Amino acid sequence: MAWILAKKSFFGKSLIDGLVHLPLVLPPVVPGFLLLLVLGRQGFIGNFIYKHFHMSIAFTWIGAVLASAVMAFPLMVRSARLAISQVDHKLELAAASLGANPIKVFFTITLPLSFPGVLTGLVLAFSRSLGEFGATITFVGNIENVTRTLPLAIYTYTQVPGGDASAMRLVVLSLLLALGALMLSDRLERVAYKKLGNVND
């Protein structure tokens, strides 16, 4: 999606771009409610999946993953799109003129040169999904040992008497995970840029 938005021009591109980034500006419960309407057992896709595969997505851990992915997707796309748009188009044209097909150009030129930005997008998406609350609780609920994510667990502990200590432990854990992800992202980005610098030399 990032490659399409960065490299292609077509009718309706601004609409697609807007739809991709909509979760960033909507209240999180709105995407969660829409997921419930579409993928719930009574939704047109969810009903089809349940009837033909005997599988439910709403109120399962799969739904929790999906809700987090939907909310994190725009950050991944934005970062990757920016990185892909910075790749020198002349290099891609040169590879194509030497006989490389578009898929080979993407995997040998575009993706390696944009990899630091793609990596940053992955970590941002992970960090965003780690803190997802609204869409998750709307789409899959807060079911212990099934759909209860870290933010839902913190919320649950703050609602019960004597749960502050448990909530604090999870808050510290979430801080450590988020900080660790950001530090890892910075480290990997530096390594990737260093390798790119060596290749360019």
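Let's start with charge pairs: across the whole of this predicted model, a search turns up four salt bridges. As a reminder of the chemistry, side chains of opposite charge can pair when their charged atoms come close. Three of these pairs make good stops on a tour of the chain.

Begin with Glu-92 and Lys-7, which form a salt bridge whose closest N and O atoms are 2.9 Å apart. Glu-92 belongs to helix H6 (residues 89-97) and Lys-7 to helix H1 (residues 2-7), so this bridge ties together parts that are 85 residues apart in sequence. What about their surroundings? Glu-92 has a relative accessibility of 7%, and because buried means under 20%, Glu-92 counts as buried. Its partner Lys-7 is partly exposed, with a relative accessible area of 25%.

Next, look at Asp-17 and Arg-81, another salt bridge, with the closest N and O atoms 3.0 Å apart. This pair also links distant parts of the chain: Asp-17 sits in helix H2 (residues 13-25) and Arg-81 in helix H5 (residues 61-85), with their positions 64 residues apart in sequence. Arg-81 is partly exposed, at 24% relative accessible area.

Now move along to Asp-186 and Arg-190, whose side chains meet in a salt bridge at 3.3 Å, N to O. Here both partners lie in helix H10 (residues 164-200), four residues apart, which is about one turn of the helix. Asp-186 is partly exposed, with a relative accessible area of 37%, while Arg-190 reaches 56% and is exposed.

With the charges in place, turn to the nonpolar side chains. The largest nonpolar core has 11 residues, among them Leu-35, Leu-39, Ile-49, Met-71, Phe-139 and Val-140. Which elements give two or more residues to this core? They are helix H3 (29-39), H5 and helix H8 (134-139). H5 gives the most, with three residues. You have met H5 already, as the helix that holds Arg-81.

Phe-139 is a handy place to zoom in on this core, being one of its members. Leaving aside its neighbours within four places in sequence, Phe-139 is in contact with a list of residues that includes Leu-35, Leu-39, Ile-57, Ala-58 and Ala-67. Those five belong to the largest core too. The contacts of Phe-139 also include the glycines Gly-32, Gly-40 and Gly-63, along with Leu-36, Phe-59 and Leu-66.

Finally, there is a second, separate core of 10 residues, which includes Val-20, Ala-72, Ile-84 and Val-118.

Technical notes: Residues are numbered from 1 along each chain as its sequence is written. This is a predicted model: local features need pLDDT of at least 70, side-chain atom pairs count only at pLDDT 80 or more; totals for chains, interfaces and linings use all residues. Side-chain values use heavy atoms; hydrogens and water are left out. Buried means under 20% relative accessible area, exposed over 50%, partly exposed in between (1.4 Å probe, protein chains only). A nonpolar core is a set of buried Ala, Val, Leu, Ile, Met, Phe, Trp, Tyr and Cys residues joined through side-chain atoms within 4.5 Å. Contact means heavy atoms within 4.5 Å.
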